[in-house]
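Please work through the exercises below with the sequence and the model side by side. Try each task before reading its solution.

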Amino acid sequence: MNNGSNRTIHPSCMDEAPFAIDVILDLDIFGIILYSILTFMAATSMVVFLEECVYIYRKVPNNKKSVIIWVNGAAPVIATMSCLGMWIPRSTMFTDMTSACYFAIVVFKFLIMMLEEIGGDEAFLRRQGKHKLKISTGPCCCCCLCLPHVEITRRTIFLLKLGSFQFAVLKIAFTILSIVLWTNKNFILTDMNITGAAIWINPFVGILTIIALWPVAIMFMHLRIVLRTLKIIPKYAMYQLVLILSQLQTAIVNILAMDGVIACVPPFSSINRGYRINQQLLILEMFIITLVTRLLYRRQYNPLPTEEQDDNENTKMVVTSNSA
């Protein structure tokens with residue numbers, strides 16, 4: 001009979017993630033080639049990033065060096081952590097948490113980078129203080145078109161920074177809490193029971209993520225015209241792509257694995273095989289993003305437009321939005 005009650009389940013499908021030596025011994029010729037190529041991609045991503053750091057320190061003004069390096073490091077760090085998790089499956093929770101904590105900092109750093117590109121807080125107030133911020137943007141309020149525009153003041157800048165900074169701090173705090181609970185077997189990623197810690201921590205972190213992305217989107221929508229000569233639109237697109245692939249793609253693959261859509265293939269259970277598939281996809285995707293990001297940031301920045309040109313562009317933008 002072929003019904004589910006008579007199926008035999010391989011013991012590996014019920015076990016924890018295999019040890020690294022078990023993964024190595026299980027590799028066939030195709031697996032060896034695949035793992036070698038993906039490891040080479042992850043290593044190349046990190047080498048490209050380190051070379052980019054040297055270039056940034058030599059060519060980029062001091063006020064922009066740190067933030068640009070942080071933003072550039074998102075894809076290489078995720079690729080490296082995914083490679084470690086691929087080779088050592090039992091470290092997946094820690095590698096994923098490390099990637100998530102790094103990207104939480106990148107969200108805040110991208111906001112700071114946009115401010116530094118225009119000259120800092122004071123220059124932003126001087127050039128844009130006579131305009132207003134449109135806050136009806138994603139991911140929080142893209143449908144709330146009735147929301148009023150907000151005056152640009154020091155308090156507004158502080159609140160925007162705080163909205164992103166809270167994610168960088170609280171994400172690290174919740175990661176440490178998760179590890180502490182995991183050592184006591186209270187935090188299990190696959191435990192969806194109401195008494196489990198994961199069912200409470202993960203949704204709350206998701207809310208913090210949405211709150212942190214909102215100020216970045218507000219600032220980008222306001223400065224995308226002013227900073228167009230610095231290729232801020234493709235830079236923002238790469239930042240968003242890293243977010244989607246590292247967060248949304250990972251969540252989708254993990255849900256499919258937990259539902260049994262991804263089959264168990266010893267020595268990997270369904271969930272652990274889902275982790276491995278996602279890690280392999282991330283290595284490839286982050287490798288490509290690293291190369292594209294290098295092209296965007298490795299260049300001499302042209303001077304920003306004058307304030308009069310800013311006024312003309314912002315006036316056109318406001319008129320267009322009002323007529324719409």
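The exercises that follow treat the core, the aromatic pairs and the salt bridges in turn.

This is a predicted model, in which local features need pLDDT of at least 70 and side-chain atom pairs count only at pLDDT 80 or more, while totals for chains, interfaces and linings use all residues. Residues are numbered from 1 along each chain as its sequence is written, and side-chain values use heavy atoms, with hydrogens and water left out.

**Exercise 1. Find the residues with the most contacts inside the largest nonpolar core, and name the helix that gives this core its largest share.**

Solution. Begin with the term: a nonpolar core is a set of buried Ala, Val, Leu, Ile, Met, Phe, Trp, Tyr and Cys residues joined through side-chain atoms within 4.5 Å, where buried means under 20% relative accessible area, exposed over 50%, and partly exposed in between (1.4 Å probe, protein chains only). The largest such core holds 67 residues, and Phe110, Met114 and Met286 have the most contacts inside it. Its largest share, 14 residues, is supplied by helix α5 (residues 92–117); helices here are DSSP runs (H or I, at least four residues), as strands are (E, at least two), numbered from the N terminus. A second, separate core has 11 residues, among them Val23, Tyr35, Leu38 and Ile283.

Next, list the partners of methionine 114, where contact means heavy atoms within 4.5 Å. Apart from neighbours within four places in sequence, methionine 114 touches Val216, Met219, Phe220, Leu223, Leu227 and Ile232.

**Exercise 2. Describe how phenylalanine 103 and tyrosine 239 are paired, and then do the like for phenylalanine 108 and phenylalanine 165.**

Solution. Rings of Phe, Tyr and Trp (its six-membered ring) pair if their centres lie within 6.5 Å; planes under 30 degrees apart count as stacked, over 60 as edge-to-face and the rest as tilted. The whole structure contains 10 aromatic pairs. Phenylalanine 103 and tyrosine 239 are stacked, with 5.9 Å centre to centre and 15° between the planes. Because phenylalanine 103 lies in helix α5 and tyrosine 239 in helix α9, this pair ties together parts 136 residues apart in sequence. Phenylalanine 103 is buried at a relative accessible area of 3%, and tyrosine 239 is buried at 4%.

The pair of phenylalanine 108 and phenylalanine 165 is edge-to-face, at 5.2 Å centre to centre and 65° between the planes. It links helix α5 with helix α7 (residues 154–183), across 57 residues. Here phenylalanine 108 is buried, at 15%, whereas phenylalanine 165 is partly exposed, at 39% relative accessibility.

**Exercise 3. Which parts of the chain does the salt bridge between arginine 294 and glutamate 51 tie together?**

Solution. A salt bridge is a side-chain nitrogen of Lys or Arg within 4 Å of a carboxyl oxygen of Asp or Glu, and a search of the whole structure finds 8 of them. In the one asked about, the side chains of arginine 294 and glutamate 51 meet at 3.5 Å, N to O. Since arginine 294 belongs to helix α10 (residues 270–297) and glutamate 51 to helix α2 (residues 29–59), the bridge ties together parts that are 243 residues apart in sequence. Arginine 294 is partly exposed at 26%, and glutamate 51 is partly exposed at 32%. To finish, place both residues in their wider setting, a network of salt bridges that links Glu51, Glu52, Arg294 and Arg298.

Definitions and conventions: Contact = heavy atoms within 4.5 Å.
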